[in-house]
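Student: Please pick one part of this structure and take me through it closely. After that, set it in the context of the rest of the chain.

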Amino acid sequence: MAEAATKTDEPAPEAEVIRKEHDVSIVLSFMNDEHEKAAIEEACLAFDKHTQYKDVAQHIKKGYDFRYPSSGKATDGVYHAVVGKNFGASFSHETHQYIHLKVDTQDVIIFKSKDSPFDFDQV
């Protein structure tokens, strides 16, 4: 008799990622050292795995959400990531929850915002 395959709760192994050397600099940061280090690690890993900016940004956001999960409260806030070469931006962010990195020639901004999506000026 053939043995039945057993299921495990382990995720499928990911393809091995080739780690590259990146030139990283912090342009502006209001984060503590631990969060800065995490931002650099997530950004470098994202650029090693992905080529499109939207995928890099999504990888960074998911990585930060995993490292620093929300308590589930609506007022706790969520992380956002912006990646690109040429863009203008204006953000409202939580105190000590903003970093702007330069990874090689790309800019990376990570910030946490707890602004409600329902906070808007009514005309």
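Tutor: Asp 104 is partly exposed because its relative accessibility is 30%, where buried means under 20% relative accessible area, exposed over 50% and partly exposed in between, with a 1.4 Å probe and protein chains only. The residue sits in the loop between β3 and β4; strands (E, at least two residues) and helices (H or I, at least four) are DSSP runs numbered from the N terminus. The phi of Asp 104 is near 55°, a positive value in a residue other than glycine.

This is a predicted model in which local features need pLDDT of at least 70 and side-chain atom pairs count only at pLDDT 80 or more, while totals for chains, interfaces and linings use all residues. Residues are numbered from 1 along each chain as its sequence is written, and side-chain values use heavy atoms, with hydrogens and water left out.

His 96 also has a positive phi, of about 65°, although it is not a glycine. It lies in the loop between β2 and β3, the latter being residues 98-103. His 96 counts as exposed because its relative accessibility is 52%. Its C-alpha is 7.2 Å from that of Asn 32, although 64 residues separate the two in sequence.

Asn 32 belongs to the loop between β1 and α1 (33-49). With a relative accessible area of 41%, Asn 32 is partly exposed. A polar atom of its side chain lies 2.8 Å from the backbone nitrogen of His 35. On strand β1 (residues 24-29) is Leu 28, partly exposed at 38% relative accessibility. Leu 28 joins Val 27 and Phe 30 in a nonpolar surface patch with about 260 Å² of accessible area together. Such patches take residues with over 30% relative accessible area and no salt bridge, joining nonpolar side chains (Val, Leu, Ile, Met, Phe, Trp, Tyr) within 5 Å and like charges within 9 Å; a salt bridge is a side-chain nitrogen of Lys or Arg within 4 Å of a carboxyl oxygen of Asp or Glu. Accessible areas come from the Shrake-Rupley method with a 1.4 Å probe, and for residues only the protein chains shown count as cover.

On the other side of the loop that holds Asp 104 is strand β4 (residues 106-113), where Lys 112 is found. Lys 112 is buried, with a relative accessible area of 12%. Its contacts (heavy atoms within 4.5 Å), leaving aside neighbours within four places in sequence, include Asp 76, Gly 77, His 93 and Gln 97. Asp 76 and Gly 77 are also in contact with Ser 70, again leaving aside neighbours within four places. Ser 70 is in the loop between α2 (53-67) and β2 (78-84) and is partly exposed at 41% relative accessible area.

For the chain as a whole, the element order from the N terminus is β-α-α-β-β-β. Of its 123 residues, 32% count as buried. Among contacts with a separation of 6 or more, 61% are between residues 24 or more positions apart.

The mean pLDDT, the predictor's confidence in each residue from 0 to 100, is 81, and 78% of residues reach 70 or more. Residues 1-13 stay under 50 and have zero contacts beyond four places in sequence. Where pLDDT is low, the predicted coordinates should not be read in detail.

Note on methods: Polar contact = N/O pair within 3.5 Å; in protein donor to acceptor, adjacent residues only side chain to side chain.
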